[in-house]
Amino acid sequence: MVSSLPSLPSVLGTDPSSCILDAFRIAIAKRVSDALPPLTLEQAYTGVDYGKKGVDFTVALPRFRLPGKPDELAKKVITDFQPDDFVSSITHDKQFLHFQLNTSSLISEVLNQIHTLTYDSPTGKPSYGTNTSGAGKKLVIEYSSPNIAKSFHVGHLRSTIIGAFLDNLYKACGWEVISLNYLGDWGTQFGMITTGFEKYGSQEELEKDAIKHLYDVYVKVSKDADSDPNVKIEAAKWFKRMEDGDETALVNWRVWREMSVKKYTEEYERLNVSFNVYTGESEVGKEWQDRALGRLEEMGLISDADGAKLVDLEKWKLGKAVLRKANGTSIYLTRDLGGAIERWEKYHFDKMIYVVASQQDLHLSQFFKMLSLMEFPWADRLEHVNYGLVLGMSTRKGTAVFLDQIIREASSVMHEQMKRNEVKYNNIEDPEMVAREVGITGIKIQDMAAKRSSSTRINNYTFNWDRMLSFEGDTGPYLQYAHVRLTSMERKNPELIPLPPPSQIDTSSLASSQHARDIAILLGSYPDVVKTALKTHEPSGVVTFAFRLAHAISSAWETLIVKGEEDVEKARARLWLYLCARDVLGAAMRLLSIRPLERM
């Protein structure tokens, strides 16, 4: 349904057809710029901010640096004010002008836009909250990147959660996204495992659970290496043979890699995460690594230290970086350099993001610095999105740092809680799936609710079982519960379903409800929440939005009743409000890589 608001001039960077609040902001900016020449519409628009404590939008007059005192400027805007379809009132408070929107227009326009972009979207997919700011641009994003032959460690969980969010976020903003899982599938540890496998390996255990078995072998052979230096010498020889392409040294490694990727893919499916490409250190061609080294040598940046090759980055306070060991084998940094060059040749990206823990800050800084010293014109397109540690993440008994154990435990605790309500429990088709999804939601929300970083430091967060699995307060289970409750509205009110088309729903009765107004303005702000997240790379803003929406809905249940409302027009309008809220809450959860549930 097309907006019924009067037409407005356009402002660069706005799109009322995907964010209706843009129209209200343009209307406010037009009032301000018309009253205060030579201020342009565009300049005035940049000054329209969300208000605080019950105010819709606020303009701080001093920011325009116009001649005259704020009081005089405010008077010019307020004189001759008449309420219209956009603005119902303006109040002057010291240096500020506060604008309240026309409630009837706000509610009907927001609900219409959500309905249209969810069910009649030009793309055929729900698109409320999305935008086209990245149309024609390409992002390559590397995240998760666990090590083969080691179980999925909780340390990789944060990279996976934040990376999946960024993957979804860039797609929502119109970018073409290529997601890479860059596996730790190369390096001396494979020499160790090959050495250890001869002694501790079992084909039967390998087929049962490749990752677990290879990890066990690695632990045992590492213990041997502590007391016998020959183990490491032998391992280094094996890895040298692998690097030289010796087929007998590679044959087992290939099988192990394939089995590990298969197992990981199952883990990711449970987390609602998928990748376009599984790549790895092993796939970085030697030619690209040689090209990187050659270029650094040409530029006189490489020095020799006892046969090893170093790059001196002291001038930039980044220390010295080793590029090749004395025995000629490559290391992580060389492979990263070669990999970046190879990716540029293959994808010609507009941006490439590495989602890697802050412990690797120095490594990434060295890596980025070398690419810029090598004068690659695309070197400034690389970005490191870092994050702090998860502190205290283990099972309740204090063991294990493997993700599947954490998920199993979260699921079983949830399952026990669900069983307490026998009636509801019996209505759930697949209680184990529901328990697992709620458990995973708890893990993800606890991770994303805290800000990834502040302006001065990277934030660690402490994992808390009781908090994560609680239905009280701002937790993952609470969000799922809010979505389930909204979804149940259709089941509980069959006589109102299907709702008539939006043009035949009278929303005027909602205008007198503060609860309906609060929900509508929150729903209308969702496209802005998405745009802000793209600037900050912080999932916490989207999490905060989802909780604010869930709280606003929870406050409305008692007064904005649907079942038991005798006036059918009122009941329909309220049900429509709740269903639009369900669609937007679901969209926010999906953006966070969470599967919204319909029953629990």
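**Exercise 1. Which residue takes a positive phi in the hairpin of strand 3 and strand 4?**

Before you start: this is a predicted model, where local features need pLDDT of at least 70, side-chain atom pairs count only at pLDDT 80 or more, and totals for chains, interfaces and linings use all residues. Residues are numbered from 1 along each chain as its sequence is written, and side-chain values use heavy atoms, with hydrogens and water left out.

*Solution.*
- Start with the strands (DSSP runs of E, at least two residues, numbered from the N terminus). Strand 3 covers residues 87-93 and strand 4 covers residues 96-101.
- Next, check the pairing, which takes at least two bridges found by DSSP. Here six bridges join the antiparallel strands.
- Pick out one pair: T91 faces H98 of strand 4.
- Now look at the turn. Two residues sit between the strands, and K94 has the positive phi, near 55°.

**Exercise 2. Explain why C19 and C173 form no disulfide with each other.**

*Solution.*
- Recall the cut-off: a disulfide is a pair of cysteine sulfur atoms within 2.5 Å.
- Take C19. Its closest cysteine sulfur belongs to C173 and is 12 Å away, so a bond is out of reach.
- Turn it around. For C173 the closest cysteine sulfur is the one in C19, again 12 Å off and too far for a bond.
- Then count for the structure: zero disulfides.
- Finally, check burial (buried is under 20% relative accessible area, exposed over 50%, partly exposed in between, with a 1.4 Å probe and protein chains only). C19 is buried at 0% relative accessibility, and C173 is buried at 0% too.

**Exercise 3. Describe the surroundings of S540.**

*Solution.*
- Find its element: S540 belongs to helix 20, residues 540-556. Helices are DSSP runs of H or I with at least four residues.
- Check its cover: S540 has a relative accessible area of 7%, so it counts as buried.
- List its contacts (heavy atoms within 4.5 Å). Skipping neighbours within four places in sequence, S540 touches M448, A449, A450 and K451.

**Exercise 4. Sum up the whole chain.**

*Solution.*
- Secondary structure first: there are 21 helices and 14 strands.
- For the extent, the C-alpha atoms fill a box of roughly 85 × 65 × 40 Å along the principal axes.
- Of the 600 residues, 54% are buried.
- Last, take the contacts with a separation of 6 or more: 72% of them link residues 24 or more positions apart.
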